[in-house]
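Reader: Hi! I have a structure open and would like to talk it through with you. Could you take a look with me?

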Amino acid sequence: THIRREAISGMYTPDTLIIAGTVAGKNQLNSLIREKLITDKKIDKDGITYNMSAYKQDGSKREYELTLAKGDVITFTQNEYTKYDVRNGERGEVLKVKPHFIKIKTEDNRVVYIDPNEYNHIDYGYALTTYKSQGLSIDKVVVEADTRIRSLNDMRHQYVNITRARDEVTIFTDNKEDLMDLSVVKTIKKDTLDENFDLKNLESARDK
């Protein structure tokens, strides 16, 4: 798994959307990508650590610390329409960090000053989960599809991910043969995907 995610993290560019099938996968990919960007001096090495929170699917709340610096790509994890007008799943770029505010440029080129004591629902936005990617469209998509995760055994689930890319899709999986042999692949290729969709786009990076 780590080898596969190392390979995926190396494909990150500002024009690429990386989609992970699990929260754990998303978190690891975000860490790997951010480490590379700091090494390449595309993100400031020194940042500020904030206390953040997010709601899990079961409704419980998760508290965590998040270090942000100029250049970081973030995603908002909860709607807030009154003061900041930000939406769950929307991404942005950090322009400045201070203890009491985070200056962010949103995807629609608005600049907002987030007070983390008022709104603390922010996470890294380099890699997203399938759910968080809803509504986004981008030139290139990289998908991590682990056939051992039951929900990812359904290529109809992956169709949502695949069609978000305008130009290029790359799928990394633990088992190329298993993914290609899933019976629903033929159904989708016939019923929903354009006939030019090439299953050779599936790339395998096996665990070692």
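Author: Happy to. Keep in mind that this is a predicted model. The crossing of helices H1 and H2 is right-handed.

Reader: Nice, which residues make the contact between H1 and H2?
Author: On the H1 side they are His 2, Arg 5, Glu 6, Ile 8 and Ser 9. H2 contributes Ala 24, Gly 25, Gln 28, Leu 29, Leu 32, Ile 33 and Lys 36.

Reader: And what's the angle between H1 and H2?
Author: About 50 degrees, with the two axes 9 Å apart. H1 and H2 are therefore oblique to each other.

Reader: Which residues of H1 are buried?
Author: Within H1, which covers residues 2–9, the buried ones are Arg 4, Arg 5, Ile 8 and Ser 9. Looking down the axis of H1, these fall within an arc of 130 degrees, so they line one face of the helix.

Reader: Remind me, why would residues three or four places apart point the same way in an α-helix?
Author: Because an α-helix has 3.6 residues a turn.

Reader: Okay, switching to strands. How many residues of S1 are buried?
Author: Five of the five, residues 16–20, so S1 is largely enclosed by the rest of the structure. Thr 16, Ile 18 and Ala 20 point one way from the strand, while Leu 17 and Ile 19 point the other way.

Reader: In which sense do S1 and S9 pair, parallel or antiparallel?
Author: Parallel, over three bridges, with S9 running over residues 127–129. Within that pairing, Ile 19 stands opposite Leu 128.

Reader: What about S2 and S3, how do they pair?
Author: S2 and S3 are antiparallel and share eight bridges. They form a hairpin that has five residues between the strands. One pair to look for is Thr 49, which stands opposite Thr 67 in S3.

Reader: Which residue in the turn of that hairpin has a positive phi?
Author: Gly 59, at about 90 degrees. Positive phi also turns up outside glycine: Lys 41 has a value near 60 degrees, and Asp 85 one of about 55 degrees.

Reader: Where are Lys 41 and Asp 85?
Author: Both are in loops. Lys 41 is in the one between H2 and S2, and Asp 85 is in the one between S4 and S5. Lys 41 counts as exposed at 75% relative accessibility, whereas Asp 85 is partly exposed at 28%.

Reader: Who else is in the loop between S4 and S5?
Author: Thr 77 is one of its residues. Thr 77 is buried, its relative accessible area being 19%; the cut-off for buried is under 20%. Its C-alpha atom is separated by 5.2 Å from that of His 121, a residue 44 places away along the chain.

Reader: Good one for a distance check. What does Gly 47 touch?
Author: Leaving aside residues up to four places away in sequence, Gly 47 touches Thr 67, Leu 68 and Ala 69. Gly 47 is in the loop between H2 and S2, and at 36% relative accessibility it is partly exposed. For another distance, the C-alpha atoms of Gly 47 and Val 97 are 7.3 Å from each other, with their positions 50 residues apart along the chain.

Reader: Now the sheet of five strands: what's its order?
Author: The order is S7-S6-S5-S4-S8, in an open sheet with antiparallel pairing. S7 and S8 are the edge strands, each pairing on one side only. On average, neighbouring strands are turned by 40 degrees against each other, with direction ignored.

Reader: How many bridges link S5 and S6?
Author: Six, in the antiparallel sense. The bridge partner of Lys 98 is Phe 101 in S6.

Reader: Is Thr 106 buried or exposed?
Author: Buried, at 3% relative accessibility. Thr 106 sits in S6 and touches Phe 76, Glu 90, Arg 91, Gly 92 and Val 112, not counting residues up to four places away in sequence.

Reader: Last one, zooming out: how many helices and strands are there in the protein chain?
Author: Five helices and twelve strands. The protein chain has 208 residues, of which 45% count as buried. Among its contacts between residues at least 6 apart in sequence, 64% join residues at least 24 apart.

Terms used
Residues numbered from 1 in each chain as written. Predicted model: local features only at pLDDT ≥ 70, side-chain atom pairs only at ≥ 80, totals over all residues. Heavy atoms only, no water. Buried < 20%, exposed > 50% of the residue type's maximum accessible area, 1.4 Å probe, protein only. Helix = DSSP H or I, 4+ residues; strand = E, 2+ residues; numbered from the N terminus. Pairing = 2+ DSSP bridges. Arc of directions from axis to C-beta. Axes fitted to C-alpha atoms, helices over the stretch in contact; angles between N-to-C directions. Parallel < 35°, antiparallel > 145°, perpendicular 65-115°, else oblique. Left-handed = near helix turned anticlockwise from the far one by under 90°. Contact = heavy atoms within 4.5 Å.
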